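Got the model open in your viewer? Here's a stop-by-stop tour: what to select, and what you'll find there.

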Amino acid sequence: MYLHPLIASVPQDERAAFVQRIELRSYRRNEVVLSADEWTNHVYCVATGLLRVVVQGSEDSGDVTTDFIRQDDLFLNSALVDERYQPGATLVAALPTSLYLVPTLELRALCDRHPAVTMGLLEVVMKRTTVLRRQIRQISSASSERLISRILHELTVLAPGTGGGYDKRITQSVIASYSGLSRMQVNKTMRDLERRGLVRRDEHGVYVPPHFASSDFQELPPGEASSPPANPSGEVDPSFFSELFEAPKSGKPRKG
């Protein structure tokens, strides 16, 4: 079975024992993996495919996609704090997806024995927090075209197509849910981008130019506040995880 890079430094015999306790499950596109009010005692690691993290918005806005979990990424929530937890958000397979279900107790025990695994998980959480912060800023300040262009490029990284671009099975409804725009506004903007030759489609995917590139996968710009340094002892205050693993609260999304 595949071993996540986070546990590459763990001794081979310990890795083998850890892998034996992991379950592999497959989900169809649009299938609910985990409901917001469901109890679980697992961490979810994407082997293939893509997950959406969905929260309930207002009556007018419906469901809101707050985040995507791509291949090799993890949905932890409060797993490093509590053995069992309710995620506070619903996980939905945006594409056909295979997941590794890692028992929380096993992962926590591994962290106790190997601080490098804990620090790796902390880095995953910090990167996701940065992406979420930028997404909120973009939704509140960017024009519709700039916001959609950025998301289309992001999708080329999250759900790459066969010959470039992104998987055409990612619908405009999903883009609207993630952007805070209406489905109609997304459709209008994408048609305009196609008319101008900036977006094209074929049977394999949807293609966008390089200048749509997002800064979400780069380092923080100079002067932007960064996260505090880790404890030199390698130990992490549990309250830190409690705060970071809370499901994002959804305000009223912007509708165009």
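The tour starts with the whole chain, then goes through the sheets, the helices, the cores and the cysteines.

**Stop 1: the whole chain**

Before you click anything, keep in mind that this is a predicted model. Show the whole chain as a cartoon and you have seven helices and eleven strands to find your way around. Colour by burial next: of the 256 residues, 48% are buried. If you draw the contacts with a sequence separation of 6 or more, 75% of them join residues 24 or more positions apart.

**Stop 2: the sheet with β1 and β8**

Select β1, β8, β3 and β6. In that order, these four strands make an open, antiparallel sheet. Which strands stand at its edges? They are β1 (23-27) and β6 (74-75); each has a single partner strand, so one side of each is left without a neighbour in the sheet.

Now zoom in on β1 and β8. Five bridges hold this antiparallel pair together. For a landmark, pick R25 and look across to β8, where L99 stands opposite.

**Stop 3: the helix across that sheet**

Keep β3 and β8 on screen and add α2. The helix lies across both strands, running at about 65° to β8. Show side chains for T104, L107, L110 and C111: these are the buried residues of α2, which spans residues 104-113. Look down the helix axis and you'll see them on the same side of α2, because they cover an arc of only 125° around the axis.

What covers them? The cover includes α1 (12-20), β3 (42-48), β8 (97-103) and α3 (115-141), so add α1 and α3 to your selection if you want to see more of it.

**Stop 4: the sheet with β4 in it**

Hide that lot and select β2, β7, β4 and β5. Here's another open sheet of four strands, in the order β2-β7-β4-β5, again with antiparallel pairing. The edge strands are β2 (32-34) and β5 (63-69), each pairing on one side only. From one strand to the next, the twist averages 35°.

Start at the β2 end. Two bridges join β2 to β7 (residues 90-93), and the two strands run antiparallel. Pick L34 and its bridge partner in β7 turns out to be L91.

Move on to β4, residues 51-56, where five of the six residues are buried. On one hand, β4 pairs with β5 over six bridges, in the antiparallel sense; on the other, it pairs antiparallel with β7 over four bridges. R52 is a handy residue to centre on here: it stands opposite F68 in β5 and opposite V92 in β7.

**Stop 5: the largest nonpolar core**

Which residues touch the most other members of the largest nonpolar core? Select L50, L152, L155, Y166, I170 and I175 to see them; the core has 26 residues in total. At least two core residues come from each of α4 (144-158), α5 (172-179) and α6 (183-195). The largest share, six residues, is supplied by α4.

Centre on L155 and show what surrounds it. Leaving aside neighbours within four places in sequence, L155 is in contact with F68, P160, Y166, I170 and I175. F68 should look familiar from the previous stop, as the β5 residue opposite R52.

Apart from this core lies another one, with 19 residues. To find that second core, select V10, L74, L121 and V125, which are among its members.

**Stop 6: a well-covered helix**

Go to α5 on its own. Seven of its eight residues are buried, namely Q172, V174, I175, A176, S177, Y178 and S179. I175 is also one of the core residues you picked at the last stop. Just after the helix, click on G180: its phi is positive, near 80°.

**Stop 7: the cysteines**

Last selection: C45 and C111. Are they buried or exposed? C45 is buried, with a relative accessible area of 4%, and C111 is buried too, at 9%. You've already met C111 among the buried residues of α2. How many disulfides are there to draw? The count is zero.

How values were computed. Residues are numbered from 1 along each chain as its sequence is written. This is a predicted model: local features need pLDDT of at least 70, side-chain atom pairs count only at pLDDT 80 or more; totals for chains, interfaces and linings use all residues. Side-chain values use heavy atoms; hydrogens and water are left out. Buried means under 20% relative accessible area, exposed over 50%, partly exposed in between (1.4 Å probe, protein chains only). The arc is that of the directions from the helix axis to the C-beta atoms. Contact means heavy atoms within 4.5 Å. Two strands pair if DSSP finds at least two bridges between them. Axes are lines fitted to C-alpha atoms, for helices over the stretch in contact, and angles run from 0 to 180 degrees between N-to-C directions. A nonpolar core is a set of buried Ala, Val, Leu, Ile, Met, Phe, Trp, Tyr and Cys residues joined through side-chain atoms within 4.5 Å. A disulfide is a pair of cysteine sulfur atoms within 2.5 Å.
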